[in-house]
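Please examine the sequence and the structure shown below before reading on. The paragraphs after them serve as a guided explanation for a reader who is new to this structure.

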Amino acid sequence: MAERRHFRWHTQLPLYFEVAQFGTYPTEHLRGKRGRGQTYDLAEEGLSFFSALRLPVNMILLLELTIPELGTLKLKGRVVRSRPWQEGWLTGVQFIGFNGPRRQALREHIAHQVKSKYQLIEYL
């Protein structure tokens with residue numbers, strides 16, 4: 001497993017996803033159908049989320065989540081792992097084409113959240 005280079009913020013936010021593409025398989029019949037999940041963690045390069053659906057590796061998703069301080073993010077990502085978790089599935093997604101000011105704002109927000117958590121622990 002590759003070493004992570006960015007902060008990961010463990011947070012539970014509602015998340016919605018749609019299938020955008022899966023190799024050469026037809027996905028037109030899935031357009032407009034939204035799945036629902038909840039984030040497990042979030043980083044500037046991707047996220048993990050829980051859902052009732054098992055999503056195959058390499059499936060391309062359109063993701064939508066709202067971070068109160070940043071607003072709604074609409075992202076594209078590739079499923080990199082999916083494993084059973086409690087009553088559903090934990091799915092890892094790597095963002096595609098997520099750069100520029102939006103990525104920088106997310107990076108700063110995640111860093112702030114993670115650092116404030118550790119500062120709180122330090123003083124307990």
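The text that follows considers one strand and its partners, then a nonpolar core, and finally two loop residues.

The structure is a predicted model, in which local features need pLDDT of at least 70 and side-chain atom pairs count only at pLDDT 80 or more, while totals for chains, interfaces and linings use all residues. Residues are numbered from 1 along each chain as its sequence is written, and side-chain values use heavy atoms, with hydrogens and water left out.

A suitable starting point is strand β4, which spans residues 46-51. Strands (E, at least two residues) and helices (H or I, at least four) are DSSP runs numbered from the N terminus. Strand β4 is mostly covered, six of its six residues being buried; buried means under 20% relative accessible area, exposed over 50%, and partly exposed in between, with a 1.4 Å probe and protein chains only. Both faces of β4 are covered: one side carries Gly46, Ser48 and Phe50, the other Leu47, Phe49 and Ser51, and all are buried.

Strand β4 pairs with β3 (residues 35-43) in the antiparallel sense over six bridges; two strands pair if DSSP finds at least two bridges between them. A hairpin joins β3 to β4 through two residues, and Asp41 has Ser48 in β4 as its bridge partner. Strand β4 also pairs in the antiparallel sense with β7 (residues 88-96), over six bridges. There, Thr91 in β7 is the bridge partner of Phe49.

Phe49 appears again in the largest nonpolar core, a set of 23 residues in which Leu42, Phe49 and Leu61 touch the most other members. At least two residues of this core come from each of β2, β4, β5 (60-67), β6 (71-85), β7 and α1 (100-122), and the largest share, four residues, comes from β5. Such a core is a set of buried Ala, Val, Leu, Ile, Met, Phe, Trp, Tyr and Cys residues joined through side-chain atoms within 4.5 Å. In soluble globular proteins, nonpolar side chains tend to be buried together. Not counting residues up to four places away in sequence, Leu42 touches residues including Phe7, Leu65, Phe95 and Ile110; contact means heavy atoms within 4.5 Å.

Two loop residues remain. Thr27, in the loop between β2 (14-21) and β3, counts as buried because its relative accessibility is 6%. Gln12, in the loop between β1 (9-10) and β2, is exposed, with a relative accessible area of 58%. Gln12 and Thr39 are 27 residues apart in sequence, and their C-alpha atoms are 4.9 Å apart in space.
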